[in-house]
Amino acid sequence: METHSFAIDVPQGDLDDLNARLDAARWPNVVDPDLTEKGLSLTWLREAAHYWRSGFDWRAAEAGINRLPQFTTQIDGIRIHFVHARSAGAGTPVLLVHGWPDSFLRYRGVIPLLVAAGHDVIVPSLPGFAFSGQPGGPLRLAGVAEQLHALVTGLGYECYAVSGGDWGAGIADRLAATHPDAIAALHLTDVPFTRAFEVDRSSASEAEQHYLAKADAWFEQAAYFGIQATEPTALATGLSDSPVALLAWLGSKVRDWSAAEPELDALLTEVSVHWFTGDARSALRLYAESIDTTEWDGGDGNGGDGGNDEWSADAATNEQVESAGWVAPVSQVPTGITLFPEDFVTAPKEYAERFYDLRRFSIAPTGGHFGAAEAPGFFADELVSLLAEVASSHSFAPTGLATDA
């Protein structure tokens, strides 16, 4: 697999354009600028936008990111951007998979910790995100999983561990299901929401019933999910044209879903990456396209209204689930679950045991949806401990690595 070294170098003209748009921002006529709506108030937004324009140093942030060893390659005709950090040890190589609304930067604080523990680390930008390209056809979890497997094996690793959160959890779960012989360990920071469609709720324990009810309630109020799944182009048009709109949309989610106030420079670095790469629309494709409805309708392709049915908690009855054969067997891949208490919902241990060969199950003392970024030390310790506990006969030494990767 041919790879090329990569460094971010945003043209000065793009920076000048950003500053001009920030200077020309138009503000909504809210009655109470201090009123917070799901992580956003107009007061916070104006102050953050002012700092983005006058205090934030993109060139310093860019130089900081470029200290990561970054590369690009072509897989299925699509450019894939990735970090490939090598260690001096011979530990299990680790693939880290991000979700939305962040990027490969989710794992920025984790990478050096895993490398210090002796593990090579690969962190791709998902197709459609940041510096990666996007497929012309539907963007599916299954297709992304295959591309990432091709990436890791193309780098010379025959066996590796994978960890993911948010969409990354679903992709990691898929990799363990389709390539169990290649996945030494599976590590998740949430149980993928699609697993809820495989549960006969009449058999659920009290703790599981409580969890599923909370998950149902969360989805009922997650308006952003429905908008991004059904009207992504309308939404992304504003996000692509206005940096303030992008800051409001992404910043509100990061603030609302984090256990503590995120550091503003880190948040603006994340938003700037999305702004300069123009991925507002392509990063939403997973919401509208990620799940092939034939996987959830018994395989006859009659999935309803273009793929929206599977987002509802009652999309399939228990009888349909059983008759269609959707209930997956317990994965044979050794699995660790690391949950963070202020995430949307946290599954009980017995729920995770329905689907996985669970070796470790832990809840961090603090952290929210972006646990790997919020508590990188705890995340790394749990992942390293899982890998240490997993006995494997595989040799993890990479072979045939491209010289510049």
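Trainee: What makes strand 6 and strand 7 count as a pair in this predicted model?

Mentor: A pair needs at least two bridges between the strands, and in this predicted model five bridges join strand 6 to strand 7 (residues 183–188), the two running parallel, so the requirement is met. Within this pairing, Ser 163 stands opposite His 187 in strand 7. From strand 6 the chain passes through helix 6 (residues 167–178) to reach strand 7, in a β-α-β crossover that is right-handed.

Trainee: What makes strand 4 a partner of strand 6?

Mentor: The same cut-off of at least two bridges applies, and strand 4 (residues 94–97) pairs with strand 6 in the parallel sense over four bridges, so these strands also qualify. Here Leu 95 stands opposite Val 162 in strand 6.

Trainee: Why is strand 6 described as largely enclosed by the rest of the structure?

Mentor: Five of the five residues of strand 6 (residues 160–164) are buried, and therefore the strand is largely enclosed; buried here means under 20% relative accessible area. Tyr 160, Val 162 and Gly 164 point one way, whereas Ala 161 and Ser 163 point the other way, and all are buried.

Trainee: How many cavities of 30 Å³ or more are there, and what volume has the largest?

Mentor: The count comes to three cavities of 30 Å³ or more, and the largest cavity holds about 510 Å³ of space. Its lining has 31 residues, of which Val 191, Pro 192, Phe 193, Phe 219 and Phe 344 are the closest to its centre. Helix 7 (206–221) gives the largest share of that lining, six residues.

Methods: Residues numbered from 1 in each chain as written. Predicted model: local features only at pLDDT ≥ 70, side-chain atom pairs only at ≥ 80, totals over all residues. Heavy atoms only, no water. Buried < 20%, exposed > 50% of the residue type's maximum accessible area, 1.4 Å probe, protein only. Right-handed = clockwise from strand over helix to strand, strands pointing away. 1 Å grid on protein atoms, 1.4 Å probe; cavity = no way out; pocket = protein on both sides within 12 Å on 5 of 7 lines; lining within 4 Å. Points joined across faces, edges and corners; volume = space filled by probe spheres on them.
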